[in-house]
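Colleague: I have some questions about the labels used for this model. Could you take me through them?

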Amino acid sequence: MATPAGRPAAFFDLDKTIIARSSTLAFSKSLFAEGLLSRRAVLRSAYAQLVFSTGGADHDMLERMRDEISAMVTGWDAVTVRQIVREALHDVIEPLVYSEALDLIEEHREAGHDVIIVSASGSEMVEPIAEMLGATHAIATRLEEVDGRYSGKVLHYSYGPNKVTAMRELAATQGYDLDHSFGYSDSETDIPMLEAVGHPFAVNPDKGLRRRAVEEGWPILTFERPTALRSRLVPETTTGKAMALGGIAASASLLALGITAAIRRRPREAL
């Protein structure tokens, strides 16, 4: 059966949009506990997380972080990394998920929209998180594996304009209409991603994105309430991916008005 054409989708950045920290840096303690990271690397990770959380991670720093992480993981066993991530997933990520993001994801799901997580973090981390959230697809950075170990080569860096390229490729294969799709991000570096969709939203925006959102009239959303994700999940379906986020669906009257009206009723952050 042919894929339906012209469907809207919802594209979400991950770090500081759905979760309150960097997904890559959040796993540093788990990787240290398994002997993959040195104590010095953990301390550097903690410093990077502090800079990231205060909005100080600019384009140049993110590029340096990419290069450092690529060099650091060279030679790591890829299967071991995936196992560590999956075992630590709920303990590490669950407390960081914004309740408002879960509400919004559920609204899109109720409206029949596919949900796609788009992140510069590695696919080893992003894909399990996307699965946990019930997302349809994940776009993430991919590292080359040679004989089961990371070579240090980055096959796809899911950052800036590269995100847009991957979004367009996915839209072409899945029949998404980007002009009618939704985009959510916190970072100035994701302006190309937000420009690529018809309904862009700035979430907890940094200074650069806030300025652009005000200029373009993009809605500004504030997410600030982490939630106990496990308490909102019901058992997985037979596919192991579709997890309903119970207790957060909008009322019947809200759904009747559609997701755009639902979003409009969200309080805007004071500019």
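**Labels and reasons**

Modeller: Start with the sheet. This predicted model has an open sheet of seven strands, in the order S4-S3-S2-S1-S5-S6-S7, with mixed pairing.

Colleague: What makes S4 and S7 edge strands?

Modeller: Strand S4 (149-156) and strand S7 (220-221) each pair on one side only. That is what the word edge refers to here.

Colleague: How do you know that S6 and S7 pair?

Modeller: Pairing needs at least two bridges between the strands. Two bridges join strand S6 (residues 199-203) to S7, so the pair meets the cut-off. The two strands run parallel. Ala202 stands opposite Ile220 in S7.

Colleague: And what holds paired strands together in general?

Modeller: Strands of a sheet pair through backbone hydrogen bonds, either parallel or antiparallel.

Colleague: Next, backbone angles. What makes the phi of Lys16 worth a remark?

Modeller: Most residues other than glycine have a negative phi. Lys16 is not a glycine, yet has a positive phi of about 65 degrees. Lys16 lies in the loop between strand S1 (9-13) and helix H1 (23-26).

Colleague: Is Lys16 buried or exposed, and why?

Modeller: Buried means under 20% relative accessible area. Lys16 has a relative accessible area of 15%, so Lys16 is called buried.

Colleague: Which sign does phi have at Asn204?

Modeller: Positive, at about 45 degrees, although Asn204 is not a glycine. Asn204 sits in the loop between S6 and helix H10 (207-216).

Colleague: Why is Asn204 called buried?

Modeller: Asn204 has a relative accessible area of 19%. The cut-off is under 20%, so Asn204 counts as buried.

Colleague: How much of the protein chain counts as buried?

Modeller: Of its 271 residues, 51%. The chain exposes about 13000 Å², and carbon and sulfur atoms supply 52% of that area.

Colleague: Now the second largest pocket. What is its volume, and what lies closest to its centre?

Modeller: Its volume is about 360 Å³. Of the 18 residues that line it, the closest to the centre are Glu127, His137, Ala138, Ile139 and Ala140. Helix H7 (123-133), strand S3 (137-146) and helix H8 (161-174) each give two or more residues to the lining.

Colleague: How does that lining divide by class?

Modeller: The lining has seven nonpolar, six polar and five charged residues. Ala counts as nonpolar and Glu as charged, so Ala138 and Glu127 fall into those two classes.

Technical notes:
Residues numbered from 1 in each chain as written. Predicted model: local features only at pLDDT ≥ 70, side-chain atom pairs only at ≥ 80, totals over all residues. Heavy atoms only, no water. Buried < 20%, exposed > 50% of the residue type's maximum accessible area, 1.4 Å probe, protein only. Areas by Shrake-Rupley, 256 points an atom, 1.4 Å probe, with all protein chains shown as cover. Helix = DSSP H or I, 4+ residues; strand = E, 2+ residues; numbered from the N terminus. 1 Å grid on protein atoms, 1.4 Å probe; cavity = no way out; pocket = protein on both sides within 12 Å on 5 of 7 lines; lining within 4 Å. Points joined across faces, edges and corners; volume = space filled by probe spheres on them.
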